[in-house]
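Please open the structure in your viewer and keep the selection tool at hand. The tour below proceeds by selections, and each stop states what is to be found there.

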Amino acid sequence: MNANEKETTLTRAGSAATRKLVLTAMFTCLAFVLNTFVYFPAMAPFQHFVNVLAAALVGPWYGSAAGFLCGVMRMLCGRDIGCITGAMFGPIMGGLLYRKFGTWWSVWVGEIIGTGIIGAMASYPLFKMFYGLDAQSPFYFIPFYIPSAFVGASMGAAVLLLLKRTGVLNRMKQKL
């Protein structure tokens with residue numbers, strides 16, 4: 001490989017990483033704005049909507065970073081620590097399943113399991129430690145997290161399906 005080919009390869013890799021970072025920032029902002037201005041008590045379905053899109057487009061780690069950053073911004077606006085735990089595990093699980101199977105249902109299932117079960121169980125010790133939660137079971141939050149994850153992941157899967165049918169999803173993934 002000559003010097004020009006190496007430089008071109010490095011430039012493409014750098015621009016792909018830059019595109020993923022920019023898209024991650026956009027997903028973070030989209031989730032924050034939707035969750036702030038479209039409010040459901042004790043639910044954040046738009047976080048899960050954005051998680052599905054982020055997991056499919058930028059992957060599990062960038063998607064999780066978007067969820068974490070959005071959760072921190074929501075906590076700064078007065079929400080509880082569940083904003084972070086409810087936003088990080090879904091994109092990891094959904095993104096990993098999407099990498100393996102490449103279907104809309106895989107990222108949908110991953111978001112529901114990652115957030116609805118793993119994120120809910122991860123919330124339990126944090127709520128107990130920081131807020132003095134008196135519940136006696138690590139399964140306490142599952143009934144609260146699953147409906148939100150189901151609704152939001154279904155919206156995200158529907159958008160992914162539409163993007164795939166129109167061919168936009170493949171073009172977006174090629175650019176990344």
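**First stop: the largest pocket**

Begin with helix 4, which supplies 4 residues to the lining of the largest pocket, the largest share of that lining. The model shown here is a predicted one. To see the other contributors, select helix 2 and helix 6 together with helix 4: each of these helices gives at least two residues to the lining. The volume of this pocket is about 340 Å³. To find its centre, select Ala42, Arg79, Asp80, Gly82 and Tyr145, which are the closest to the centre among the 18 lining residues. If the lining is coloured by residue class, 10 residues appear as nonpolar, 5 as polar and 3 as charged.

**Second stop: the second largest pocket**

The second largest pocket has a volume of about 180 Å³. Which of its 13 lining residues are the closest to its centre? Select Ala56, Leu57, Gly59, Arg99 and Lys173 to see them. Helix 2 and helix 4 are the elements that contribute two or more residues to this lining. By class, the lining comprises 7 nonpolar, 3 polar and 3 charged residues.

**Third stop: the whole chain**

Now zoom out and display the protein chain as a cartoon. How many helices and how many strands does the chain have? There are 7 helices and 0 strands, and the pattern read along the sequence is α-α-α-α-α-α-α. Along the principal axes, the C-alpha atoms fill a box of roughly 65 × 30 × 30 Å. The radius of gyration of the chain is 17 Å, which agrees with the value near 16 Å for a compact globule of 176 residues. Of these 176 residues, 40% count as buried. Consider next the contacts between residues at least 6 apart in sequence: 69% of them join residues at least 24 apart.

**Fourth stop: helix 6**

Select residues 142-166, which form helix 6. This helix has 25 residues and reaches 35 Å from its first C-alpha to its last, close to the expected 36 Å. Which residues of helix 6 are buried? They are Ile142, Tyr145, Ser148, Ala149, Gly152, Ala153, Gly156, Ala157 and Leu160. Display helix 2 (45-57), helix 4 (82-101), helix 5 (104-131) and helix 7 (168-175) as well, since the view then includes the elements against which the buried residues of helix 6 pack. Just after helix 6, select Gly167, which takes a positive phi of about 85°.

**Fifth stop: His48**

Move to His48 in helix 2. Is this residue buried or exposed? His48 counts as buried because its relative accessibility is 5%, under the 20% limit. Leaving out residues up to four places away in sequence, His48 touches Gly86, Glu111, Thr115, Ser148, Ala149, Gly152 and Ala153. Ser148, Ala149, Gly152 and Ala153 were met at the previous stop, among the buried residues of helix 6.

**Sixth stop: Pro60**

Select Pro60, which lies in helix 3 (residues 60-76). Its relative accessibility is 0%, so Pro60 counts as buried. Not counting residues up to four places away in sequence, Pro60 touches Ala55, Pro91, Ile92, Gly95, Leu96 and Arg99. Then draw a distance from the C-alpha of Pro60 to that of Tyr98: these residues are 38 residues apart in sequence and 8.9 Å apart in space.

**Seventh stop: Thr24**

Go next to Thr24 in helix 1 (residues 3-37). With a relative accessibility of 5%, Thr24 counts as buried. Apart from neighbours within four places in sequence, Thr24 is in contact with Val58, Tyr62, Ala65 and Ala66.

**Last stop: the cavity**

Rolling a probe the size of a water molecule over the atoms shows where empty space is left. How many cavities of 30 Å³ or more are found? The count is 1 cavity. The largest cavity holds about 50 Å³ of space. To surround this space in the viewer, select Tyr98, Gly102, Thr103, Trp104, Leu160, Leu161, Lys164 and Leu169, which line the cavity. Helix 6 provides the largest share of this lining, with 3 residues. Coloured by class, the lining shows 5 nonpolar, 2 polar and 1 charged residues.

Methods:
Residues are numbered from 1 along each chain as its sequence is written. This is a predicted model: local features need pLDDT of at least 70, side-chain atom pairs count only at pLDDT 80 or more; totals for chains, interfaces and linings use all residues. Side-chain values use heavy atoms; hydrogens and water are left out. The expected span of a helix is 1.5 Å times one less than its number of residues. Buried means under 20% relative accessible area, exposed over 50%, partly exposed in between (1.4 Å probe, protein chains only). Contact means heavy atoms within 4.5 Å. On a 1 Å grid over the protein atoms alone, a cavity is a set of points where a 1.4 Å probe fits but cannot get out, and a pocket is an open set with protein on both sides within 12 Å along at least five of seven lines; lining residues have an atom within 4 Å of a point. Grid points are joined across faces, edges and corners, and a volume is the space filled by probe spheres set on the points. Ala, Val, Leu, Ile, Met, Phe, Trp, Tyr, Cys and Pro count as nonpolar, Asp, Glu, Lys and Arg as charged, and the others, Gly among them, as polar. The radius of gyration is taken over C-alpha atoms; the globule rule is 2.2 Å times the number of residues to the power 0.38.
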